[in-house]
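Colleague: I am new to this structure and would like a close look at a single part of it. Could you take one helix and go through it slowly, with a word on the loops elsewhere if they deserve one?

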Amino acid sequence: MYDIAIIGSGPAGLSAAVYAKRAELNAIVIEKEYMGTGQIAESSRVDNYLGLYGESGFDLGEKFRRHAENVGTEFTEAEIVEILPQKESFLLKAADGQEISARAIIYAAGTTHRQLGIKGESEFLSNGISFCAVCDGAFYSEKKAAVIGGGDTALSDALYLSAIAEKVYILHRRESFRASAALQKAVKDTANIECIPNAVPTEFIGGKKLEAVKYLRDGKESCLPVDGVFLAVGRIPNSGLLKDIVCMDKNGYILADENGITSAEGIFAAGDVRTKTLRQVITAAADGANCVESARIFLSEKRS
Ligand code: NAP
């Protein structure tokens, strides 16, 4: 029986692992894929984590992982498919048959890429359509790429791609971007990025590979020839496992305060999967630390 099962191995989960060791709690990190460090691995560069500048998200994720390993964290690779609350603990069942029991859970399962749900999207996924500029950007050297979305991910991706591709378009459904002012300025200052606002994608077309994206603008349909498309239209919380166990907001984010305390005793939520205003690496890492402190207090109250 573990004191804490940490579900997720992104910055929130790994930070929780380090803090759990320091608190001398017996914790296990359950990661869906070996060495998976979550969304951070897809960031081309991280400029807003205190003390670091210009580090690639992949490298930063690896450093987080090594830190957790170096303090002696126990990891297991498993996809948890069911969480069963017991009298004084939780039983976690994995897809491969593993069963893990823990007195408390730190749930840091993050989010998944949202899709547009338009014609041609599933057909060209991984064949011209990608979610990850850092992973797939190199395929578009001297080619034309489009990024869809208007948030931090879309603009960061466009900037990353602008150094590789001949031309990068940003198709955004509204006039104004929700991305940070710094990213908006950088995009504006980049000659080979063209923004197409008020453009609602309607279809992806092509033959064996993606050839173009169709979109509606001011009631008129246009067709933009591109070699690749990067979808950056937001994320969906991976909270389904806790659907009947903890309270969530209407979008499925787990209701939790900065201490990670949820509506269910013994379950703490950290990182992007919880309700919060600012989803960043630094806030995820802070969540992991705060959740361990909440879990420590919870466990010591149970023992006394
Ligand atoms: P996001 O902020 O939710 O932005 C998603 C974008 O996709 C929005 O511009 C949205 O348009 C658009 N969109 C959503 N559904 C759409 C649809 N059906 N059709 C067309 N467009 C659609 O997502 P994100 O950019 O992935 O960022 C997620 C979180 O991670 C944010 O909190 C962000 O700050 C953080 N993040 C931070 C950094 C960084 O600090 N460098 C980098 C990446 C991500 P509307 O604007 O019209 O809603």
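Modeller: Helices here are DSSP runs of H or I with at least four residues, and strands are runs of E with at least two, both numbered from the N terminus. This is a predicted model, in which local features need pLDDT of at least 70 and side-chain atom pairs count only at pLDDT 80 or more, while totals for chains, interfaces and linings use all residues. Residues are numbered from 1 along each chain as its sequence is written, and side-chain values use heavy atoms, with hydrogens and water left out.

The helix I would choose is α5, where Ala 154, Leu 155, Asp 157, Ala 158, Leu 161 and Ser 162 are buried (under 20% relative accessible area, with exposed meaning over 50% and partly exposed in between, for a 1.4 Å probe and protein chains only). Because they cover an arc of only 160° around the axis, these residues are on the same side of α5, the arc being that of the directions from the helix axis to the C-beta atoms. The buried residues of α5 pack against several elements, including α4 (133–136), β9 (144–148) and α6 (181–188), where contact means heavy atoms within 4.5 Å.

Ser 162 belongs to this helix, which spans residues 152–162, and counts as buried because its relative accessibility is 15%. Beyond its neighbours within four places in sequence, Ser 162 is in contact with Val 168, Thr 190, Asn 192 and Ile 193.

As for the loops, Ser 126, between α3 (121–124) and β8 (129–130), has a positive phi of about 65° although it is not a glycine.
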